Amino acid sequence: MPFKKADFVTSAPSLDVCPDPYFPEICFAGRSNVGKSSLINALVDHKGLARTSNVPGKTQQMNYYQVNDKLFLVDLPGFGYAQVSKEERERWGRDIRDYLLERSTLRLVLHLVDIRHEPSDLDEEFFYWLGTNRLPFAVVLSKADKLSYNKQKQSEMRLKRILDEMNIEVPIVVSSTKDKKGIGEVKQLITE
Ligand code: GDP
């Protein structure tokens, strides 16, 4: 399915104000600055749709985009941003957990990890939590253009080992929005 028509719908701070669940939805998770907005823009081939920035933590709400009048793509607030208070972080955690567990139309969580970095404790906790709650997810290793092919492979293997240890078997996509790498694979996961 070509992702042709894409529009911003709304920003929602919590589940109770999410749009009515008209369409199946796919959400994008991961720490701030990992490349979530860039990936959404690459998927819909629309540079300015999702806000991208160098300011970590700027996207503090769930941003809803509607594609082809058929699908919602949801950019989740980036986690692990140090410069917000502990209470705020905990509230986000609760809001996101509620959303992930209770959003009936959620079909897939795409969790992004910067390919240059080892998954953080928060990433690993999130994998484990998603696995335990049997939520369908895939991991996208972002910004692949920043590493050589060999190093990309090493990161992929490292991630695979971590997931294997948790008995989690999910797709891993190596992607770069700069080189348009892995975008087709992500689209395929979404359409499947
Ligand atoms: P978000 O906070 O997760 O939504 O991250 P953004 O999409 O705003 O990206 C954060 C920064 O990383 C921006 O400066 C992007 O231009 C940059 N970025 C995102 N994806 C890539 C990529 O595939 N390659 C490179 N080199 N930079 C990227």
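The legends below describe close-up views of a predicted model.

**Figure 1. The whole chain, with five helices and seven strands.** From the N terminus onward, the elements follow the pattern β-β-α-β-β-α-β-α-β-α-β-α. Along the principal axes, the C-alpha atoms occupy a box of roughly 45 × 40 × 30 Å. The radius of gyration is 16 Å, which agrees with the value near 16 Å for a compact globule of 192 residues. Buried residues make up 35% of the 192 in the chain. Of the contacts between residues at least 6 apart in sequence, 72% join residues at least 24 apart.

**Figure 2. The open sheet of seven strands.** The strand order is E1-E3-E4-E2-E5-E6-E7, and the pairing is mixed. Strand E1 (6-12) and strand E7 (172-174) stand at the edges; each has a single partner strand, so one side of each lacks a neighbour in the sheet. On average, neighbouring strands are turned by 25 degrees against each other, direction ignored.

**Figure 3. Strands E5 and E6, paired in parallel.** Six bridges join strand E5 (residues 106-114) to E6. Leu-112 has Val-140 in E6 as its bridge partner, and His-111 stands opposite Val-139 in E6. Helix H5 packs on the sheet, where it touches strand E2 (25-29), E5, E6 and E7. The direction of H5 makes about 155 degrees with that of E5. Strand E6 spans residues 137-142, and five of these six residues are buried, so the strand is largely enclosed by the rest of the structure.

**Figure 4. Helix H1 and its surroundings.** Nine of the nine residues of H1 are buried, so the helix is largely enclosed by the rest of the structure. The buried set includes Lys-36 at the start of the list and Val-44 at its end. Also buried in H1 are Ser-37, Ser-38 and Asn-41, together with Leu-39, Ile-40, Ala-42 and Leu-43. Just after H1, Asp-45 adopts a positive phi of about 55 degrees.

**Figure 5. The crossing of helices H1 and H5.** The axes of H1 (residues 36-44) and H5 (residues 183-191) come within 10 Å and cross at roughly 85 degrees. The two helices are therefore roughly perpendicular to each other. H1 contributes Leu-39, Ala-42 and Leu-43 to the contact, and H5 contributes Ile-183, Val-186 and Lys-187. By class, the contact residues are five nonpolar, no polar and one charged. An α-helix has 3.6 residues a turn, so residues three or four places apart point the same way. Leu-39, Ala-42 and Leu-43, named above for the contact, also belong to the buried residues of H1.

**Figure 6. Asp-121 in helix H3.** Helix H3 covers residues 121-132, and Asp-121 lies in it. Asp-121 has 9 C-beta neighbours inside 10 Å and therefore counts as exposed, the cut-off for this class being 12 or fewer. Pro-171 is 50 residues away along the chain, and its C-alpha atom is separated from that of Asp-121 by 20 Å.

Note on methods
Residues numbered from 1 in each chain as written. Predicted model: local features only at pLDDT ≥ 70, side-chain atom pairs only at ≥ 80, totals over all residues. Helix = DSSP H or I, 4+ residues; strand = E, 2+ residues; numbered from the N terminus. Buried ≥ 20, exposed ≤ 12 C-beta atoms within 10 Å, placed from the backbone. Axes fitted to C-alpha atoms, helices over the stretch in contact; angles between N-to-C directions. Parallel < 35°, antiparallel > 145°, perpendicular 65-115°, else oblique. Contact = placed C-beta atoms within 7 Å. Nonpolar A, V, L, I, M, F, W, Y, C, P; charged D, E, K, R; others polar. Rg over C-alpha atoms; globule rule 2.2 N^0.38 Å. Pairing = 2+ DSSP bridges.
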